[in-house]
Amino acid sequence: MMVFVLASFPVVISWWLMAAHFLRGGNFFLVLTCFFAPGLLFFEEKWAARTLQVGLFLASFEWAHTLINLVQERIMSGQPYTLLVVILGTVTLFTFSSSFVFLIPTMRCRFKLEPPPANASGNAPEPPSSI
């Protein structure tokens, strides 16, 4: 249980950072969607994990898009942009890497992401016997 809680932190933080991003833009529907998206962690189903993963993957592209646009604006106005690149680049990488949390064995088990057993008995198939 403790591993699940610790592994969930990056997912929750990434979604809430995305909510703050959309709040700045005034898109309240996306703010609410991103704010409550971590609630899918309570559903122990494959679809919940995949929904969160795809959302985090798309969110990382939104951060990259925002980074590029803001850097272009800073360059055009002659303002410094190094700190902007460091901060938003870190947020982009953090959000992207949060989508890989679901590869941790505890998360794979919780969300039923393990491959199904090889046969009906649940055991791995026996290797062919040599004659």
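This passage walks through the core, one buried serine and the aromatic rings of the structure shown above. The model is predicted, so local features are described only at pLDDT of at least 70 and side-chain atom pairs only at pLDDT 80 or more, while totals for chains, interfaces and linings use all residues. Residues are numbered from 1 along each chain as its sequence is written, and side-chain values use heavy atoms, with hydrogens and water left out.

A good place to begin is the nonpolar core, meaning a set of buried Ala, Val, Leu, Ile, Met, Phe, Trp, Tyr and Cys residues joined through side-chain atoms within 4.5 Å. Here, buried stands for under 20% relative accessible area, exposed for over 50%, and partly exposed for values in between, with a 1.4 Å probe and protein chains only. The largest such core has 29 residues, and those touching the most other members are Val11, Trp15, Leu41, Leu52, Phe102, Met107 and Phe111. Two or more residues come from each of helix 1, helix 2 (28–36), helix 3 (46–77) and helix 4 (82–98). Helices are DSSP runs (H or I, at least four residues), numbered from the N terminus. As a general background, nonpolar side chains in soluble globular proteins tend to be buried together.

Leu41 offers a helpful view of these surroundings. Leaving aside neighbours within four places in sequence, Leu41 is in contact (heavy atoms within 4.5 Å) with residues including Phe4, Ser8, Val11, Leu52, Met107 and Arg110. Ser8 belongs to helix 1 (residues 2–25) and counts as buried because its relative accessibility is 7%. Beyond its neighbours within four places in sequence, Ser8 touches Leu41 and Met107.

Turning to the rings, the structure contains eight aromatic pairs. Rings of Phe, Tyr and Trp (its six-membered ring) pair if their centres lie within 6.5 Å; planes under 30 degrees apart are stacked, over 60 edge-to-face, and the rest tilted. Phe43 and Trp47 are a tilted pair, because their planes meet at 45°, with the centres 5.6 Å apart. Phe43 is partly exposed at 42% relative accessible area, and Trp47 is likewise partly exposed at 47%. Phe57 and Phe61 pair edge-to-face, at 5.0 Å centre to centre and 80° between the planes. Both lie in helix 3, four residues apart, or about one turn of the helix. Together with Phe96 and Phe100, Phe57 and Phe61 form one aromatic cluster.
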